[in-house]
Amino acid sequence: MKVINTNSYDKMSLMAAEAIKQQLTMKPDSILGLATGSSPIGCYAKLVEWYNEKQISFKHAKTVNLDEYWGLAPENNQSYRFFMEKHLFNLVDINPENTNLPNGLADDYDQECARYEALIDSLGGMDLLILGIGHNGHIGFNEPDTCFHNIVHREKLKDSTIKANSRLFDNIEDVPTHAITMGIGTIMRANKIILLAGEGKEEAIHKATTGPISAVVPASVLQLHRNVTIITSF
Ligand code: F6R
C-alpha cells in the first residue's frame, strides 16, 4: 500500500488522471472502475482536458461505477449516472453502451445486484478502480459494519453518510436512504486501486492505513490488496 500526500487537490487530481491515462495507453480497452463525489471531479476534468487535446481516447474503454442511489432515476440530477454523464461520459468519446452503473430503479434489487456483479465478472474484472473514502472509512457504499460484504449488494446508508451527502441536495429528506454498491470482495478483485482522499479525510486515512483490518473501518481491508495507491490532497 503506497500513500502519496500531495498537499494539493490539483496535484492529487493530476496524479490520478495520469494513472488513468497510462492505463488507457497501455490497454485502450481497459475496464475502469469509477467513483463519484467531490474527490474525483478534478481528475475527470483533467481527463476531459486531455481528451480535447487528443492526448487520450475512451473509444475502446468500458466503465463500471462503484454505486448508485437506490430509488433515483438515471435522469435525476442527484443520481450517480447523471454525475458521470455531466463530469465525464458526455464530454469524451466513450460509447454510452460501454458505461455501466447499477440501476437504482430496478424492480427487484437482489436481482439487480446479481446482474451487476455478473456484469463485472463477464467483463473480466476491473483493470483499474478509482475510489473515494467516507469520513467513516466507507468505500463504495460499504458502511462500517460487523462483517465485510463480498459482492454487489443493497446497503442502508448511515445517518452520517446521509448528512455528509445532503450538502448536494435541497433537503436532507431528499437524500436516498439506500444504495446499490460493489461489495468489498468486488472492490478487492480489481487489479489496481487508486484511492483519492480530500480534505477532512485525514482521520479516515490514518485509521485505514495504520489501524487493524476491520469491517468497522471498511477501507482498512485495502491493506490486504497487492496494488493500492492512496493519493491525498493533504
Ligand atoms: C462514490 C462513493 C463514495 C465516495 C465517498 C467520498 O461513488 O462510492 O464512497 O467516494 O463518500 O465522497 P467525496 O469524494 O464526495 O468526499
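This report describes the two largest pockets of a predicted model.

Residues are numbered from 1 along each chain as its sequence is written. Because the model is predicted, local features need pLDDT of at least 70 and side-chain atom pairs count only at pLDDT 80 or more, while totals for chains, interfaces and linings use all residues.

The largest pocket holds about 800 Å³ of space. A pocket here is an open set of points on a 1 Å grid over the protein atoms alone, where a 1.4 Å probe fits, with protein on both sides within 12 Å along at least five of seven lines; lining residues have an atom within 4 Å of a point. Its lining has 37 residues, and T36, G37, S38, N165 and R167 are the closest to the pocket centre. At least two lining residues come from each of β4 (67-69), α3 (80-87) and α5 (159-165). Of these elements, α3 gives the largest share, five residues. Helices (H or I, at least four residues) and strands (E, at least two) are DSSP runs, numbered from the N terminus.

The second largest pocket is lined by K2, I4, M15, E18, A19, Q22, K192, I194, T229 and I231. Two or more of these residues come from each of β1 (2-5), α1 (9-26), β9 (192-197) and β10 (228-232). Here α1 supplies the largest share, four residues.

The table gives volume (the space filled by probe spheres set on the points, which are joined across faces, edges and corners) and residue class (Ala, Val, Leu, Ile, Met, Phe, Trp, Tyr, Cys and Pro nonpolar; Asp, Glu, Lys and Arg charged; the others, Gly among them, polar).

| Pocket | Volume | Lining by class |
|---|---|---|
| Largest pocket | about 800 Å³ | 14 nonpolar, 18 polar, five charged residues |
| Second largest pocket | about 160 Å³ | five nonpolar, two polar, three charged residues |

Terms used: Side-chain values use heavy atoms; hydrogens and water are left out.
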